[in-house]
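Here is a friendly walk through one protein model, with a look at its charged pairs, its nonpolar cores and its empty spaces. Keep the structure open as you read.

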Amino acid sequence: MAGPDLHNPLILPPDLPVPQDDGGARHVAGMPLPDVSLPATDGSSVSLAHVQGRAVVYVYPRTGRPGVPLPTGWDAIPGARGCTPQSCGFRDHLRELQALGVAQVYGLSTQGSDYQREAAERLHLPFPLLSDAELRLQRALRLPTFEVEGTILLKRLVMVIDDGTITHVFYPVFPPDRSAEQVIEWLRIGVRRSNKGDFKDMRS
């Protein structure tokens, strides 16, 4: 018989395994974005290489749906659980991000646009989700992945992009529901350094 929440994607279970830095994203900071157009949930196509100003892209494995069972063993995979809380965090903190100079926020996964569109509408996300179902961006950037039930999924990370170049990467990301807050704190440190005239490279 199904448990009391089969499955509630908004709830993070306690004692989730903490992902470790395996070096899979160490090469990403400093890379220019390839000119790859990805379908977005708002019906547009987005090439991150052409996004002007500062963008934040949170990369996640897959969002779940209420009442639909997760893949077998999902919660035991470090960093897998928490895509919905991460998305809600960026939704709830969007104005703070914008106040700190972020022009655009995107979510990115290998799920198809139709699946993503349901999540974006259900969660009332005020920004698009991008689909890399063909793994074109993943291959170009060599983004870290893992495989579950025959499907290749992206490992969770966050990229800060300035005029088409990746200037900072958060990896691994944990806990996922605090991902947006971690980005905000990093941005605030940058603002404080700028105000003090300290222009130390924030890519490290």
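How many residues apart in helix α3 are E118 and R122, and about how many helical turns separate them?

## A pair within one helix

The model you are looking at is predicted. In helix α3, which covers residues 113-122, E118 and R122 are four residues apart, so about one helical turn separates them. The two residues form a salt bridge, with the closest N and O atoms 2.8 Å apart.

How open to the outside are these two partners? E118 is partly exposed, with a relative accessible area of 26%, and R122 counts as partly exposed at 25%. The pair also has company: R65, E118 and R122 are linked in a network of salt bridges.

## Pairs across the chain

Side chains of opposite charge can pair when their charged atoms come close. The count for this model comes to 11 salt bridges, and two more of them deserve a look here.

D22 and K155 form a salt bridge in which the closest N and O atoms are 2.7 Å apart. D22 lies in the segment before β1 (37-39), while K155 sits in the loop between β7 (151-154) and β8 (157-162), so the pair ties together parts that are 133 residues apart in sequence. D22 is partly exposed, with a relative accessible area of 43%, and K155 counts as partly exposed at 25%.

The side chains of E96 and R188 also meet in a salt bridge, at 3.3 Å from N to O. Here helix α2 (residues 94-99) supplies E96 and helix α5 (residues 179-195) supplies R188, so that distant parts of the chain, 92 residues apart, are linked. E96 is partly exposed at 31% relative accessible area, and R188 counts as partly exposed at 36%.

## Two nonpolar cores

Which residues touch the most other members of the largest nonpolar core? They are L48, M159 and I166, in a core of 27 residues. The elements giving two or more residues to this core are β3 (54-59), β4 (102-109), α4 (136-141), β8 and β9 (165-170).

L48 is a good place to start exploring. Leaving out residues up to four places away in sequence, L48 touches L33, V36, V57, Y106, L130, L137, I161 and G164. A second, separate core has 24 residues, among them C83, L129, V158 and F170.

## The largest pocket

Rolling a probe the size of a water molecule over the atoms shows where empty space is left. The largest pocket has a volume of about 180 Å³. Its lining is made up of 13 residues, and P19, P78, G79, K155 and Y171 lie nearest the centre. K155 is thus a lining residue of this pocket as well as the salt-bridge partner of D22. By class, the pocket lining divides into eight nonpolar, two polar and three charged residues.

## Two cavities

A search of the whole structure finds two cavities of 30 Å³ or more. The largest cavity holds about 90 Å³ of space, and of the 14 residues lining this cavity, H7, G64, R81, G82 and C83 are the closest to its centre. Seven nonpolar, five polar and two charged residues make up that lining.

The second largest cavity holds about 30 Å³. Lining this cavity are L16, P17, D75, I77, G79, A80, R81 and F174, which divide into five nonpolar, one polar and two charged residues. R81 appears in the linings of both cavities, while G79 lines the second largest cavity and the largest pocket.

Note on methods:
Residues are numbered from 1 along each chain as its sequence is written. This is a predicted model: local features need pLDDT of at least 70, side-chain atom pairs count only at pLDDT 80 or more; totals for chains, interfaces and linings use all residues. Side-chain values use heavy atoms; hydrogens and water are left out. On a 1 Å grid over the protein atoms alone, a cavity is a set of points where a 1.4 Å probe fits but cannot get out, and a pocket is an open set with protein on both sides within 12 Å along at least five of seven lines; lining residues have an atom within 4 Å of a point. Grid points are joined across faces, edges and corners, and a volume is the space filled by probe spheres set on the points. Ala, Val, Leu, Ile, Met, Phe, Trp, Tyr, Cys and Pro count as nonpolar, Asp, Glu, Lys and Arg as charged, and the others, Gly among them, as polar. A salt bridge is a side-chain nitrogen of Lys or Arg within 4 Å of a carboxyl oxygen of Asp or Glu. Buried means under 20% relative accessible area, exposed over 50%, partly exposed in between (1.4 Å probe, protein chains only). A nonpolar core is a set of buried Ala, Val, Leu, Ile, Met, Phe, Trp, Tyr and Cys residues joined through side-chain atoms within 4.5 Å. Contact means heavy atoms within 4.5 Å.
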